[in-house]
There are 2 protein chains.
Amino acid sequence: MTDLSRFSINQMTVKQLSLPELADACAQLGVGRVGLWREPVRQYGVAETAKLIREAGLSVTTLCRGGFLTATDPAERSRALDDNRRAIEEAATLGTDTLVLVCGGLPPGSKDLRAARERIADALAELAPHAEDHGVRLAVEPLHPMYAADRCVVSTLAQALDLAERFPAHQVGVTVDTYHVWWDDQAPAQIARAGAAGRIHTFQLADWITPLPEGVLNGRGQIGDGAIDMRAWRGHVEAAGYTGPIEVELFNEELWARDGREVLAQTAERFVEHVLKKS
Amino acid sequence: MTDLSRFSINQMTVKQLSLPELADACAQLGVGRVGLWREPVRQYGVAETAKLIREAGLSVTTLCRGGFLTATDPAERSRALDDNRRAIEEAATLGTDTLVLVCGGLPPGSKDLRAARERIADALAELAPHAEDHGVRLAVEPLHPMYAADRCVVSTLAQALDLAERFPAHQVGVTVDTYHVWWDDQAPAQIARAGAAGRIHTFQLADWITPLPEGVLNGRGQIGDGAIDMRAWRGHVEAAGYTGPIEVELFNEELWARDGREVLAQTAERFVEHVLKKS
């Protein structure tokens with residue numbers, strides 16, 4: 001049998017599977033870890049999901065996602081903070097110690113990236129103690145710079161760490177996702193910086209394929225199909241001391257159109273071939 | 001009259017205009033500078049374009065573009081170098097001192113960004129003396145990281161300067177284009193680095209609008225329509241000592257579908273409103 005002990009399947013990769021189907025498919029394939037998303041979890045019920053996952057013997061590597069913390073409007077900001085507190089509580093209920101944060105884009109009409117990043121820091125200051133109280137770490141995810149305007153003003157690991165380092169590592173760290181950082185020649189050094197401080201809270205994989213689709217959201221490639229040297233990035237996080245789960249998170253219309261169990265099996269195979277095996 | 005003395009219209013912004021139409025529209029609007037593209041220039045004839053431009057009293061701020069220097073195949077590499085030598089000669093014939101380089105993406109099957117960047121350095125070493133002989137400076141353009149795989153492995157000003165600084169500034173410098181660098185919090189410091197060394201060879205503008213179109217090539221926004229603080233970036237290059245032309249280069253299907261003269265007039269107005277005027 002191949003060693004899937006570090007492999008985690010993010011629920012979005014096979015979103016065509018219901019939670020019970022996902023749990024069943026994982027059992028069949030010997031996959032022991034899943035990353036979950038709030039929307040399908042809330043639809044199924046948070047407590048019900050926790051029970052299902054526990055009874056299936058699965059562990060939850062991350063909950064995706066909190067964030068969207070850049071609003072200037074006070075009411076909107078207050079709603080976002082409340083929603084993030086709920087996300088922290090959901091993570092605790094699901095038994096994961098890691099909540100991934102996609103921090104949010106520019107508010108309408110604003111051109112001020114720096115001010116938006118400062119509002120994220122202010123929000124983290126409100127959320128981090130609540131997270132600690134629930135045994136949850138916040139994992140700030142730098143998103144690829146093509147999302148800087150409308151989704152996440154944190155575009156590099158360096159920026160994410162500049163934010164995280166204002167807080168203790170057990171409260172705030174970062175998400176390292178190959179899809180978002182692969183182009184960045186500074187990322188290996190920033191991974192070392194993150195690892196030395198115990199701030200790599202999750203490591204996620206997706207491959208880079210072109211052409212990008214309209215809106216650039218759902219064109220992440222299956223592992224091995226694109227431009228990213230997965231073994232090299234695994235090497236970077238391991239050299240930085242990270243030995244935790246490796247989560248595959250793909251948003252891809254073509255994968256979603258296929259049989260979910262088949263996609264899960266393929267993803268596990270690709271993980272073994274392109275991440276685990278020596279080249 | 002508004003001061004358009006630093007304004008340059010890149011030909012691609014109004015590619016629906018023929019070269020004579022462009023020259024005529026510029027004369028009508030008091031626009032004295034144009035950036036040209038090789039394909040339409042070669043179609044019209046390089047010498048004929050030079051004559052047309054000269055007789056219209058226009059100056060040529062840049063020729064776009066050389067580059068695509070990352071091939072590993074020797075024959076392909078040789079063809080690329082030959083083509084770049086021709087581009088240098090065309091720039092000289094057109095009377096511009098600046099050839100913009102889009103350096104190329106990963107060769108098929110390769111995942112090695114660093115090796116591709118080194119092949120660019122090797123190619124620059126072959127091309128830079130030829131450029132100097134023709135009074136032409138090579139302007140390495142970092143492209144937005146979303147193009148790193150298929151178009152340009154040089155994704156930041158820091159990387160572009162790391163390449164350029166291996167050569168004298170009068171041979172190799174950089175292109176600063178707001179569309180490509182606006183997300184990068186390190187870009188202002190890198191602009192200062194470039195300016196101090198006399199390596200800002202051209203400054204181009206396009207705005208960032210979302211959603212991005214499929215393929216992400218032709219979704220650049222009209223100045224003022226997007227997320228980029230144009231005045232701030234003008235401030236950065238001017239603080240770095242740049243006082244040269246400011247070229248507006250938009251690739252946008254909607255602008256191309258409109259009357260070219262109207263788009264040129266609008267672009268000049270937007271330039272005055274969003275780049276020149278104090279806020």
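Let me begin with the fold of chain A, where eight strands form a closed barrel in the order β1-β2-β3-β4-β5-β6-β7-β10, with parallel pairing, and where the twist from one strand to the next averages 30 degrees. Before I go further, I should say that this is a predicted model, and that chain A has an average pLDDT of 97, with 99% of its residues scoring at least 70. For the complex as a whole, the predictor gives an ipTM of 0.96 and a pTM of 0.97.

Let us walk around part of that barrel. In chain A, strand β1, which covers residues 7-10, pairs with strand β2, residues 33-37, in the parallel sense and over two bridges; if you would like to find this pairing on the screen, look for N10(A), which stands opposite G35(A) in β2(A). Packed on the sheet here is helix α4 of chain A, residues 74-94, which touches β2, β3 (59-67) and β4 (98-102) of chain A, and whose direction makes about 175 degrees with that of β3(A).

Further along the barrel of chain A, strand β5, residues 137-140, and β6(A) also pair in the parallel sense, in this case over three bridges, and V140(A) has V174(A) in β6(A) as its bridge partner. Is strand β6 of chain A, residues 172-177, mostly covered or mostly open? It is mostly covered, since six of the six residues in β6(A) are buried.

Now to chain B, where eight strands again close into a barrel, in the order β1-β2-β3-β4-β5-β6-β7-β10 and with parallel pairing; on average, and ignoring direction, neighbouring strands of this sheet are turned by 30 degrees against each other. Strand β5 of chain B, residues 137-140, is joined by three bridges to strand β6 of chain B, residues 172-177, and the two run parallel, with A139(B) standing opposite G173(B) in β6(B). Across β4 (98-102), β5 and β6 of chain B lies helix α5, residues 113-133, which runs at about 140 degrees to β5(B).

One residue from the loop between β4 and α5 of chain B deserves a moment, and that residue is D112(B). Why does D112(B) count as partly exposed? The answer lies in its surroundings, because D112(B) has 16 other C-beta atoms within 10 Å, a count that falls between the limit of 12 or fewer for an exposed residue and that of 20 or more for a buried one. D112(B) and V153(B), although 41 residues apart in sequence, are 9.6 Å apart in space, C-alpha to C-alpha.

Finally, let us turn to how the two chains sit together. Chain A can be laid on chain B with an RMSD of 0.0 Å by a turn of 180 degrees and a shift of 0.0 Å along the axis, and the two copies are therefore related as by a two-fold rotation axis. Which residue of chain A comes closest to the rotation axis? That residue is E214(A), whose C-alpha is at 1.9 Å from the axis. The same surface serves both copies, in that 100% of the contact residues of chain A recur in chain B.

As for the contact itself, 23 residues come from chain A and 23 residues from chain B; by class, the side of chain A that touches chain B has 13 nonpolar, five polar and five charged residues.

Terms used
Residues are numbered from 1 along each chain as its sequence is written. Chains are lettered from A and ligands numbered from 1 in the order in which they are written. This is a predicted model: local features need pLDDT of at least 70, side-chain atom pairs count only at pLDDT 80 or more; totals for chains, interfaces and linings use all residues. Two residues are in contact if their C-beta atoms, placed from the backbone, lie within 7 Å. Ala, Val, Leu, Ile, Met, Phe, Trp, Tyr, Cys and Pro count as nonpolar, Asp, Glu, Lys and Arg as charged, and the others, Gly among them, as polar. pLDDT is the predictor's confidence in each residue, from 0 to 100. Copies are superposed by least squares on the C-alpha atoms of residues with pLDDT of at least 70 in both. Two strands pair if DSSP finds at least two bridges between them. Helices (H or I, at least four residues) and strands (E, at least two) are DSSP runs, numbered from the N terminus. Axes are lines fitted to C-alpha atoms, for helices over the stretch in contact, and angles run from 0 to 180 degrees between N-to-C directions.
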